Amino acid sequence: MTKGKIIVISGPSGVGKNHIISEFIDIADLNLAQSISMTSREKRSGERDGIDYDFVSREYFESAIRMGDLVEYTEFLGNYYGTPVDNVNRLRNLGKNVLIEVEAKGAKAIKEKYPDSITIFIAPSSLESLEKQIRERREESEEIVQERLAKAKKELNLIGHYKFVVNNEDARLAGELCALIIRRMI
């Protein structure tokens with residue numbers, strides 16, 4: 001059995017990565033399985049453990065860091081986020097193409113460990129549209145909104161590190177473009 005490829009989807013918080021992914025994740029010929037990230041943050045309303053994230057304690061996450069059990073990880077707003085290596089390798093060994101949604105720093109770490117990974121950056125149509133999207137969530141304080149926007153500006157400077165850039169003018173069209181890219185690369 002041929003090992004699956006790794007497809008990395010990145011973009012700033014609020015750009016619509018989850019919505020775009022939902023447009024193509026179930027296309028059968030792409031043979032995709034989404035890697036579930038691990039986080040030490042609390043569950044948000046509507047999130048499900050083991051589906052949206054594997055929610056763990058900070059101590060458990062730090063143990064995973066020490067043991068080298070993560071492909072990549074980062075800390076943002078006092079919480080850890082990371083990709084468990086065992087899950088990625090298990091899915092690849094089953095022949096699945098593994099979709100990893102991760103922030104820009106994590107994409108770089110994945111590319112270093114898996115040089116043949118396919119990297120796609122989802123870009124907002126503008127910083128103003130991104131800010132509007134973040135604010136429409138109505139889940140976070142003004143301070144956190146500003147931190148997310150500052151981080152987004154830094155991430156937009158890293159677009160050159162990605163093989164492909166998809167503009168999110170329309171989530172459905174962006175999803176179709178991502179599917180086309182993946183289909184051609186696998």
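Which residue in β6 does E75 stand opposite? E75 faces Y80 across the pair of strands, as View 1 shows. The model in all views is predicted.

**View 1. Strands β5 and β6 run antiparallel.**
Six bridges join β5 to β6, the latter covering residues 79–84. One of the cross-strand pairs to look for is E75 opposite Y80. Helix α2, residues 58–67, packs on the sheet here. Its contacts are with β3 (38–39), β5 and β6. The direction of α2 makes about 45° with that of β6. Helix α3, residues 85–93, lies across β5 and β6. α3 runs at about 25° to β6.

**View 2. Four strands make an open sheet with mixed pairing.**
The strand order is β4-β3-β6-β5. β4 (54–55) and β5 (70–76) stand at the edges. Each has a single partner strand, so one side of each is left without a neighbour in the sheet.

**View 3. Two residues that are not glycine have a positive phi: N31 and L77.**
Phi is about 55° at N31. Phi is about 55° at L77 too. N31 sits in the loop between α1 (17–22) and β2 (32–34). L77 sits in the loop between β5 and β6. Are these residues buried or partly exposed? N31 is partly exposed, with a relative accessible area of 29%. L77 also counts as partly exposed, at 30% relative accessibility.

**View 4. Five strands form an open sheet with parallel pairing.**
The order is β2-β7-β1-β8-β9. β2 and β9 (164–167) are the edge strands, and each pairs on one side only. On average, neighbouring strands are turned by 25° against each other, direction ignored. Strand β1 (residues 6–10) is joined to strand β8 (residues 118–123) by four bridges. In that pair, I9 has I120 of β8 as its bridge partner. Four bridges also join β1 to β7, again in parallel. There, V8 stands opposite I100. The pairing of β2 with β7 is parallel and spans three bridges. L32 has N97 in β7 as its bridge partner.

**View 5. Strand β7 is largely enclosed by the rest of the structure.**
How many of the five residues of β7 are buried? Four are, so the strand is largely enclosed. Helix α3 lies across β1, β2 and β7 (97–101). α3 runs at about 150° to β7. The same helix also lies across β5 and β6.

**View 6. Helix α4 has a buried face and a face carrying exposed residues.**
α4 covers residues 104–113. Its buried residues are A104, G106, A107 and I110. Seen down the helix axis, they fall within an arc of 155°, so they line one face of α4. They pack against β1, β5, β7 and α6 (142–156). The face turned away from the buried side carries K105, K108 and E112, which are exposed. Look also at the start of α4. There, a side-chain oxygen of E103 reaches to within 3.1 Å of the backbone nitrogen of K105.

**View 7. The largest nonpolar core holds 25 residues.**
Which of its residues touch the most other members? They are I7, I9, F24, I120, I122 and C178. Six elements are labelled here: β1, α1, β8, α5 (127–136), α6 and α7 (171–185) are those that give two or more residues to this core. α7 gives the most, with six residues. Another core lies apart from this one. That second core has 17 residues, among them I6, V71, I100 and Y114.

**View 8. Contacts of I122, a member of the largest nonpolar core.**
Neighbours within four places in sequence are left aside here. The contacts of I122 are then I9, S10, G11, P12, V15, K17, I20, V166, N168 and C178. Two of these partners, I9 and C178, are themselves among the core residues that touch the most other members.

How values were computed
Residues numbered from 1 in each chain as written. Predicted model: local features only at pLDDT ≥ 70, side-chain atom pairs only at ≥ 80, totals over all residues. Heavy atoms only, no water. Pairing = 2+ DSSP bridges. Contact = heavy atoms within 4.5 Å. Axes fitted to C-alpha atoms, helices over the stretch in contact; angles between N-to-C directions. Buried < 20%, exposed > 50% of the residue type's maximum accessible area, 1.4 Å probe, protein only. Arc of directions from axis to C-beta. Polar contact = N/O pair within 3.5 Å; in protein donor to acceptor, adjacent residues only side chain to side chain. Core = buried A, V, L, I, M, F, W, Y, C linked by side-chain atoms within 4.5 Å.
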